[in-house]
Amino acid sequence: MKPKTLSMKKFIRVLKWVGIVVALLVIGLLVAVYTLKDRTFESPAIDIKASTDSSVIARGKYLANGPAHCAHCHVPNDKMAMVDEGQIIPMSGGRLFELPIGNIYTPNITSDKETGIGAWSDAEIARVLRYGVKNNGHALFPFMPFYDIAESDLLAIVSYLRTLAPVKNKVQDNEFNFMGNVVRAFIMKPEGLKTENRPKILATINPDSSTEYGSYLAKYVANCVGCHTDRDLKTGEFTGPAFAGGFKLPGEGNPDVTMVSPNITPDAETGVMHSWSEEMFIKRFRAGRTIKESPMPWGPFSRMSDMELKALYRFLQTVKPVNQNNGPTMVKTADLK
Ligand code: HEC
Ligand code: HEC
């Protein structure tokens with residue numbers, strides 16, 4: 001019996017050491033996550049000064065309440081219906097996005113010095129849009145696609161933000177779960193600091209109905225690509241072919257349903273708009289939201305000019321067709337688990 005007891009003792013000793021090593025690894029990981037989650041990033045300096053030119057401000061206002069849909073996100077969830085109707089609601093933030101990584105709230109972007117961005121410099125506002133780096137150096141989650149926007153449009157947006165009356169509204173801080181902090185510590189990098197496959201930033205952009213302008217809107221302003229391409233909801237990484245849809249988003253105001261973005265490439269079999277004419281496309285956008293739970297900012301988009309809608313339509317016709325059937329547009333969230 002003796003040898004057996006000895007080996008048992010040895011076994012327990014080994015087990016103890018394994019336990020200590022595992023515990024140290026776990027502690028090391030926790031320390032790494034909690035020290036790295038708030039890491040800061042450097043970004044190139046931006047030389048910008050808000051303009052008081054009325055045509056510049058008008059362009060910014062049009063973008064913010066139309067194609068760039070700032071007004072769709074930077075208002076509380078219960079004001080979205082009013083935004084859909086075309087009311088201009090102060091962008092005092094508070095809209096909640098419930099994600100697998102935690103709860104993210106849109107900040108107050110009015111000029112209030114304490115609770116909004118009134119104390120930020122023009123360059124700091126431009127930097128968060130161009131590089132995804134906040135004034136405190138933290139990376140922004142990739143909700144906004146404006147990294148490659150033309151200099152003239154960046155100036156227009158910053159100039160318009162400067163005209164917004166201050167509204168005092170202290171927005172709740174983001175609440176990240178453990179997975180969210182792991183993503184922040186190890187995975188997340190400001191989107192605008194990535195350099196691969198980036199286009200040359202244009203000094204000015206002239207709105208017209210060309211496919212080039214349509215491409216600019218779809219990718220860098222209206223974020224059609226950001227929702228109509230499959231992505232990992234934890235990191236925002238793109239995982240599917242561009243514009244082929246399949247991205248699953250929680251239903252607006254109703255987490256029991258999940259919305260699946262349709263394929264908007266011109267694929268004859270699986271593309272939702274393969275048989276739409278330009279007139280039908282414009283009519284569809286003018287009609288606005290038809291599905292209450294849709295996260296698509298139909299309201300702001302319904303106010304885009306005919307010229308911009310034509311540009312979008314013409315560009316989408318040139319996208320590489322992808323044969324990808326994403327199934328129904330709305331599914332029960334419980335069925336996905
Ligand atoms: C799809 C929703 C969405 C749209 C559209 C959007 N934003 Fe944001 N914005 C967010 C979220 C969410 C954050 C915070 C992200 C985070 O905390 O990592 C944010 C952060 C910001 C910040 C940083 C403010 C701070 O206090 O940290 C500014 C400035 C900003 N947005 C301006 C704009 C402007 C200007 C537009 C339109 C040109 C716009 N946003 C469009 C969702 C959006
Ligand atoms: C916030 C995510 C989001 C953005 C941004 C977005 N979409 Fe969508 N889109 C959806 C979802 C989800 C649906 C399905 C629900 C619906 O029809 O509203 C949809 C539906 C559509 C449809 C089908 C509508 C129908 O009636 O069959 C078209 C066409 C479309 N989107 C084009 C676009 C274009 C063009 C852009 C950019 C200007 C865009 N989307 C931006 C999420 C988005």
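**Surroundings of ligand 2 and a nonpolar surface patch**

An oxygen atom of ligand 2 lies 2.7 Å from an N or O atom in the side chain of S294. The model in which this contact occurs is predicted. Two further polar contacts involve side chains: a nitrogen atom of ligand 2 is placed 2.8 Å from an N or O atom of the H228 side chain, and an oxygen atom of the ligand is found 2.8 Å from an N or O atom in the side chain of W298.

The shell around ligand 2 comprises 22 residues, of which C224, C227, H228, R284 and M296 approach nearest. By residue class, this shell consists of 17 nonpolar residues, four polar residues and one charged residue. At least two shell residues are supplied by each of the helices α9 (224-227), α10 (278-287), α11 (298-302) and α12 (306-318).

Apart from the ligand surroundings, a nonpolar patch was identified on the surface. The patch is formed by V14, V18, V22, V26, L29, L30, Y34, L36, F178, F186 and I187, which together present about 930 Å² of accessible area. Two or more of these residues are given by each of the elements α1 (2-36) and α7 (178-187). The greatest contribution is that of α1, with eight residues.

Among the patch members, V18 is located in helix α1. The relative accessibility of V18 is 45%, and this residue is therefore classed as partly exposed, since that category spans the range between the buried limit of 20% and the exposed limit of 50%.

Methods
Residues are numbered from 1 along each chain as its sequence is written. Chains are lettered from A and ligands numbered from 1 in the order in which they are written. This is a predicted model: local features need pLDDT of at least 70, side-chain atom pairs count only at pLDDT 80 or more; totals for chains, interfaces and linings use all residues. Side-chain values use heavy atoms; hydrogens and water are left out. Patches are made of residues with over 30% relative accessible area and no salt bridge: like charges are joined within 9 Å, nonpolar side chains (Val, Leu, Ile, Met, Phe, Trp, Tyr) within 5 Å. Accessible areas come from the Shrake-Rupley method with a 1.4 Å probe; for residues, only the protein chains shown count as cover. A salt bridge is a side-chain nitrogen of Lys or Arg within 4 Å of a carboxyl oxygen of Asp or Glu. Helices (H or I, at least four residues) and strands (E, at least two) are DSSP runs, numbered from the N terminus. Buried means under 20% relative accessible area, exposed over 50%, partly exposed in between (1.4 Å probe, protein chains only). A residue is near a molecule or strand if one of its heavy atoms lies within 4 Å of it. A polar contact is a pair of N or O atoms within 3.5 Å; within protein, one must be able to donate a hydrogen and the other to accept it, and residues adjacent in sequence count only if both atoms are side-chain atoms. Ala, Val, Leu, Ile, Met, Phe, Trp, Tyr, Cys and Pro count as nonpolar, Asp, Glu, Lys and Arg as charged, and the others, Gly among them, as polar.
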